[in-house]
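Q: Please take a close look at one part of this structure, the salt bridges, and explain in a connected way how the charged residues are placed and what surrounds them.

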Amino acid sequence: MPMLLEEKPDLPLEDTYKHEDDSALVNEEDNTELSFNNQVSIRDYCRQVPMVGVHTTCGEAASMLNHDQSYPCVVLGDDQNRPQGLIMREKLYRILNGRFAADLFYRKPISHVADSSPVVVDVQADAPGVIDVALSRSEEHFYDCIIITEEQRLLGVLTMRDLMSLSRRLQHEAGEERVRTITESRQEISRIHESITKLVRSAGKTGEEAKEIIHLSEQGAISLMQVEASYNRVHQHMEGQRQHASDMLNSIETGAGMARSIRSLADQSALLAMNASIEAAHAGDYGRGFQVVASEIRALAKQTREVAGDMSSLLEGIGELTRQTVELVRASAAEIDESSVHVTEGSAAFNRLSTAVEGMLHNAAHIAEEGRHTGEVAEHIRRKLEAMVSGEEI
């Protein structure tokens, strides 16, 4: 029996694996201790192992493993360092420790006992994917090393302990990322809650302002209605004034006609007085008294004619002023009619404004109610996130 087999570990195969598992869980001084980098690479966990050719004997492989107890396995490869197989230390020891194993296997090529279909992954592979592949293996090869290659050439291997360390690192980084995410989410929820609180306050203030606008709109509408009623009354008064002015024009025209008639009568009286004076002159002394009367009548007729002329001029002036007054009344009535239209439109606009503001008030109340509900939900979420960060609830 070769002496190299006496140097193998005394622990059974199962105990050896259990020892590795416990070490991976409790050894805080391991050289693969977590660094919490943002990117986890399986390169950091690769172990260097010897690569042998397919003609290497089992005895030569055992010598390599005995020479350096840190090697967990030996990898079979071709001339270009591409992995072709794998033999674990414990499996080789078990084979060579049989009753006749040394004579049967010691000088045989290791390719006869090696696993020709080991798990081979590229160093750029995703770490969680590598762990999933390792965990999906059969029980027979569950604790075998995983071969890591770079450009199809051997880079190293990963033991189950390395995989557990890698998994622990991923879990820790996932936990840290989860805590960061929860913390950021809690801060964001706090900002959202603060914004919602401001929104609710603004909605309440908007509601109060909307009520004030509605009140002012109602007052404005009432005032415009009063102005419109006043315009209507003024319009009615001006219509009456225009009618009175028209009647006055008619009366003035009648008075002017009467003044013309008086003047005509005065002219006729003057003519009759002249004829009477002529006849009185023919009568001599007998007609002297009648001549005096005729002279007085002629003087009265002249005076009457002058008064009638003055009356006609005065009535013409009054008529002109009255016609101007009628035109002004008509113009004022037109302005009042136009202003009344604007007042009516303004009243309708106030009504529309009041309706719109009532809708805005309703929306503000709805926003405030929804904001309060959302704020309560945000506050509940924030408390839950704080509990998760502090460890009270997971």
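A: Arg180 is partly exposed in this predicted model, since its relative accessible area is 38%. Its partner is Glu177, with which Arg180 forms a salt bridge whose closest N and O atoms are 2.4 Å apart. Glu177 is likewise partly exposed, at a relative accessible area of 40%. Both residues belong to helix α6, where three residues, or about one turn of the helix, separate them. The spacing matters because an α-helix has 3.6 residues a turn, so residues three or four places apart point the same way. Side chains of opposite charge can pair when their charged atoms come close.

A second salt bridge joins the side chains of Arg169 and Glu173, with 3.5 Å from N to O. These two residues are four apart in helix α6, which spans residues 160-283, and therefore about one helical turn lies between them. Their surroundings can be judged by the cut-off for burial, which is under 20% relative accessible area. Arg169, with 3%, is therefore buried, and Glu173, with 12%, is buried as well. The pair is also part of something wider: Asp44, Arg169 and Glu173 are linked in a network of salt bridges.

A further salt bridge connects Glu150 with Arg43, and the closest N and O atoms of this pair are 2.9 Å apart. Glu150 lies in strand β5, whereas Arg43 lies in the loop between α1 (13-26) and β1 (51-52), so the salt bridge ties together parts that are 107 residues apart in sequence. Glu150 counts as partly exposed at 30% relative accessibility, and Arg43 also counts as partly exposed, at 35%. In the whole structure, a search finds eight salt bridges, and those described here are among them.

The strand that carries Glu150 deserves a closer description. β5 belongs to an open sheet of three strands in the order β4-β5-β6, with mixed pairing. The edge strands, each pairing on one side only, are β4 (120-122) and β6 (153-158). From one strand to the next, the twist averages 35°. Strands of a sheet pair through backbone hydrogen bonds, either parallel or antiparallel. Between β4 and β5, which covers residues 146-150, the pairing is parallel and extends over three bridges. Within this pairing, Val121 stands opposite Ile148 in β5.

The chain as a whole provides the setting for these salt bridges. Its secondary structure comes to seven helices and six strands, and from the N terminus on the elements run α-β-α-β-β-α-α-β-α-β-β-α-α. Of its 394 residues, 34% count as buried. The link between Glu150 and Arg43 spans 107 residues in sequence; among contacts in the chain between residues at least 6 apart in sequence, 76% join residues at least 24 apart. A separate example of parts brought together across the sequence is given by Thr374 in helix α7 (residues 288-390). The C-alpha atoms of Thr374 and Ile196 are separated by 7.5 Å, although the two residues are 178 residues apart along the chain.

Definitions and conventions:
Residues numbered from 1 in each chain as written. Predicted model: local features only at pLDDT ≥ 70, side-chain atom pairs only at ≥ 80, totals over all residues. Heavy atoms only, no water. Pairing = 2+ DSSP bridges. Axes fitted to C-alpha atoms, helices over the stretch in contact; angles between N-to-C directions. Buried < 20%, exposed > 50% of the residue type's maximum accessible area, 1.4 Å probe, protein only. Contact = heavy atoms within 4.5 Å. Salt bridge = Lys/Arg side-chain N within 4 Å of Asp/Glu carboxyl O.
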